[in-house]
Amino acid sequence: QVQLVESGGGLVQPGGSLSLSCAASGSIFSRLAMGWYRQASGEERELVAGITSGGSTKYADSVKGRFSISRDNAKKTVYLQMNSLKPEDTAVYYCAVKKQVVAGLTIGDYWGQGTQVTVSS
């Protein structure tokens, strides 16, 4: 069982920055691939950024060069730094552990409760 708690959302003006955090429970955090997803009103949920246990990252084309995902295994926390925010980045942002196999065990899917990010002047 993995529990995920996001924090750091809020209202920001276009061009501004926000940093999201996702605190995880469980002893296997360091071995998990983690992801940030978002869902805008009326839209499907989409992958924003992902990070493997080894630290490799990937990003949606729409956020490349503006967002950065990172992790601190000692704190069991994954971060999403969002810069140069645009109104179209407005969405509920979720931290997730998608289904994966770790040490022979199938883990996931687990989702956080989500945090609202609103980009508006």
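C22 is buried, with a relative accessible area of 0%. Its disulfide partner is C95, and C95 is likewise buried, at a relative accessible area of 0%. The model is a predicted one. This briefing covers the disulfide, the glutamate E6 and the pairing of strand β13.

**The disulfide**

- The model holds 1 disulfide.
- The sulfur atoms of C22 and C95 sit 2.1 Å apart.
- The angle about the S-S bond is -80°, and the link of C22 and C95 is left-handed.
- C22 belongs to strand β3 (residues 18-24) and C95 to strand β9 (residues 91-97), so the bond ties together parts that are 73 residues apart in sequence.

**E6, a buried charge**

- E6 is part of strand β1, which spans residues 4-7.
- Where is the nearest side chain of opposite charge to E6? That side chain is R45, and R45 is 7.7 Å away.
- A salt bridge needs a side-chain nitrogen of Lys or Arg within 4 Å of a carboxyl oxygen. E6 is buried and has no salt bridge.
- Which backbone nitrogen lies 2.7 Å from a polar atom of the E6 side chain? It is the backbone nitrogen of C95, and C95 is also one of the two disulfide cysteines.
- The E6 side chain also reaches the backbone nitrogen of Q113, at 3.0 Å.
- Beyond its neighbours within four places in sequence, E6 is in contact with both disulfide cysteines, C22 and C95.
- Other contacts of E6 include S21, W36, Y93 and Y94.
- E6 also touches G112, Q113, G114 and T115. T115 lies in strand β13.

**Strand β13 and its partners**

- Strand β13 covers residues 115-119.
- Side chains in a regular strand alternate between the two faces of the sheet.
- Which residues make up the covered face of β13? They are T115, V117 and V119.
- Q116 and T118 form the uncovered face of β13.
- Strand β2 (residues 10-12) runs parallel to β13, and 3 bridges join them.
- V12 has V119 as its bridge partner in β13. V119 is on the covered face.
- β9 pairs with β13 in the antiparallel sense, over 3 bridges.
- Y93 has T115 as its bridge partner in β13. T115 is on the covered face too.

**How the parts meet**

- Strand β9 carries C95 of the disulfide and pairs with β13.
- E6 contacts Y93 and T115, and these two residues are bridge partners.

Conventions: Residues numbered from 1 in each chain as written. Predicted model: local features only at pLDDT ≥ 70, side-chain atom pairs only at ≥ 80, totals over all residues. Heavy atoms only, no water. Helix = DSSP H or I, 4+ residues; strand = E, 2+ residues; numbered from the N terminus. Buried < 20%, exposed > 50% of the residue type's maximum accessible area, 1.4 Å probe, protein only. Lys, Arg positive; Asp, Glu negative; His and termini not counted. Polar contact = N/O pair within 3.5 Å; in protein donor to acceptor, adjacent residues only side chain to side chain. Contact = heavy atoms within 4.5 Å. Disulfide = S-S within 2.5 Å. Pairing = 2+ DSSP bridges.
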